Each structure stands twice: as structure tokens, then as C-alpha cells.
Amino acid sequence: MTAKNKMKNFFFITLIGLFTGNVKGQISFSQVESKIKKLKDKNELICSTPSMALKFPLKRDVKVSPQNNFVTLGNQTIQIMILKFEGYKKEKKGQNLNNQKQLLNTYFKYELEYFRNDLGVEIINPNTQWVVTKSNGWFIWYFKVGKIQIQANKQTEIQLFSTTVIGDKILVINAPILISGDFSKAAIIVNELMEALTIIKQ
């Protein structure tokens with residue numbers, strides 16, 4: 001299988017939506033167009049939008065995929081997305097940690113509904129935890145993937161997400177773990193990204 005076909009499979013099995021929708025008619029999430037590039041001769045990623053730039057200086061080899069928003073660290077595929085949210089305590093701009101927890105928990109519930117209802121994914125044992133690093137507060141959630149309606153050459157066994165609030169945006173790091181994958185390794189890689197996050201421009 002070619003690298004291009006592998007990435008197509010990862011794209012399909014990742015099962016991430018357009019992140020556009022309303023929760024109970026109050027909160028909406030929409031994907032912000034972003035670009036990811038690797039700095040020349042450095043294992044350093046820059047994720048940028050017209051209004052924000054984030055840097056991830058890393059200690060392991062990293063490759064940027066032709067598939068937008070995807071990178072590979074080791075053998076683990078990672079998706080990095082930036083979302084805009086509307087209609088939720090906008091005056092706070094996500095600076096209060098309690099507000100962040102509540103917002104990210106709402107987003108978590110929204111995504112679970114999307115996986116179940118729109119994609120027909122069986123969600124098994126969803127787990128969540130709140131972690132504070134030197135960069136930010138993070139809401140981590142993951143679940144085991146059961147039966148799915150979309151078939152792929154390689155099936156994702158676990159979906160692992162880490163999310164944080166930056167101003168009026170949500171940064172989403174997703175690690176789809178294949179049946180043959182290593183959850184512990186993927187979790188370490190996601191944690192490295194969390195620890196490495198530096199906000200260049202907001």
C-alpha cells in the first residue's frame with residue numbers, strides 16, 4: 001500500500017466531521033482553516049490560521065502529511081484542528097478554567113453525538129480527564145470504537161482526543177489508534193504535543 005493510500009485510509013478511519021453544528025441551539029463549533037508546516041531542519045511544527053499561530057517544538061521526527069491537518073510522529077498519525085466556538089460565555093474568551101472545563105465538556109458531548117448519530121459508530125467506555133500542563137488546561141477524552149458503518153482497510157480501535165481553549169478557539173489534537181497500534185505510545189505523543197505547545201500569536 002502506498003503512503004498516499006495509507007493516509008486516505010487514516011482520513012476515513014479517523015472519522016472526524018466538519019466540526020460544524022449547534023449544541024442545544026446555543027453553542028456552535030466551526031472548523032477554522034489552518035495550515036501545518038514543519039520548520040526546515042527542525043522537528044518543529046507551526047500550525048497557523050489568519051489570526052493565530054501555534055508552535056510545537058518536538059524531540060522526535062515529524063512528517064507533515066499531504067492530507068490537510070495530519071502529521072505523523074513515529075508511526076502514529078495525529079490530526080491537529082482549530083475550531084471556533086460561538087454563543088458560549090464569549091465575554092470570558094475561555095480564560096476562566098471552570099468555563100473552559102464546561103465548554104470542552106460540552107464539545108466532547110457534541111462530538112460523541114456526532115460519532116453515534118451521524119457516523120454510526122458504536123462508542124464503548126468513553127473516559128475523560130482534566131490535565132493542567134505548563135502550556136494550558138486540557139480536557140482529554142477517549143473511547144473504544146465498536147461497530148462502524150464506514151469500512152476501511154484498517155480499523156481504528158481507540159479514538160484519543162486532547163482539547164484546550166485558546167481565546168475564542170479550541171485546539172483539537174486527535175490520535176486515531178489502529179487495532180495493531182499502541183495506546184500508551186499514542187498517549188505519550190499526544191502529551192508531548194500538549195507540553196510543547198507555544199502560542200506565538202493570538
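Let's start with phenylalanine 56, which, setting aside neighbours within four places in sequence, is in contact with Asn43, Glu44, Leu45, Cys47, Leu171, Leu193, Ala196 and Leu197. Please keep in mind that this is a predicted model.

**The nonpolar cores**

Phe56 also stands out in the largest nonpolar core: among its 30 residues, Leu54, Phe56, Ile78 and Leu171 touch the most other members. Which elements each supply at least two residues of this core? They are strands S4 (44–48), S5 (53–57), S7 (70–73), S8, S10, S11 (156–166) and S12 (169–178), together with helix H3 (183–196). H3 gives the most, with six residues. Another core lies apart from this one; it has 25 residues, including Leu83, Phe108, Tyr110 and Val172. As general background, nonpolar side chains in soluble globular proteins tend to be buried together.

**Aromatic pairs**

Now to the rings. The structure holds eleven aromatic pairs. Two of them are set out here.

| Pair | Arrangement | Centre to centre | Angle between planes |
|---|---|---|---|
| Tyrosine 107 and tryptophan 141 | edge-to-face | 6.5 Å | 75 degrees |
| Phenylalanine 115 and phenylalanine 143 | edge-to-face | 5.2 Å | 75 degrees |

Each pair links distant parts of the chain. Tyrosine 107 sits in helix H2 (residues 97–118) and tryptophan 141 in strand S10 (residues 137–145), 34 residues apart. Phenylalanine 115 belongs to helix H2 and phenylalanine 143 to strand S10, with their positions 28 residues apart in the numbering.

Are these four residues buried or exposed? Buried means under 20% relative accessible area. Tyrosine 107 has 0% relative accessibility, so it counts as buried. Tryptophan 141 is likewise at 0% and therefore buried. Phenylalanine 115 is buried because its relative accessibility is 0%, and phenylalanine 143 is buried with a relative accessible area of 1%.

Ring pairs also build a cluster out of Phe29, Tyr107, Phe108, Tyr110, Tyr114, Phe115, Phe139, Trp141, Phe143 and Phe161. Phe108 and Tyr110 in this cluster are also among the members of the 25-residue core.

**A polar residue, glutamine 76**

Let's finish with glutamine 76, which lies in strand S8 (residues 76–86). Its relative accessible area is 8%, so glutamine 76 is buried. What does the side chain of glutamine 76 reach? The partner is the backbone oxygen of proline 176, at 3.0 Å. Not counting residues up to four places away in sequence, glutamine 76 touches Val71, Ala175, Pro176, Ile177, Ala186 and Ile189.

Methods:
Residues numbered from 1 in each chain as written. Predicted model: local features only at pLDDT ≥ 70, side-chain atom pairs only at ≥ 80, totals over all residues. Heavy atoms only, no water. Helix = DSSP H or I, 4+ residues; strand = E, 2+ residues; numbered from the N terminus. Buried < 20%, exposed > 50% of the residue type's maximum accessible area, 1.4 Å probe, protein only. Polar contact = N/O pair within 3.5 Å; in protein donor to acceptor, adjacent residues only side chain to side chain. Contact = heavy atoms within 4.5 Å. Phe/Tyr/Trp six-rings, centres within 6.5 Å; stacked < 30°, edge-to-face > 60°. Core = buried A, V, L, I, M, F, W, Y, C linked by side-chain atoms within 4.5 Å.
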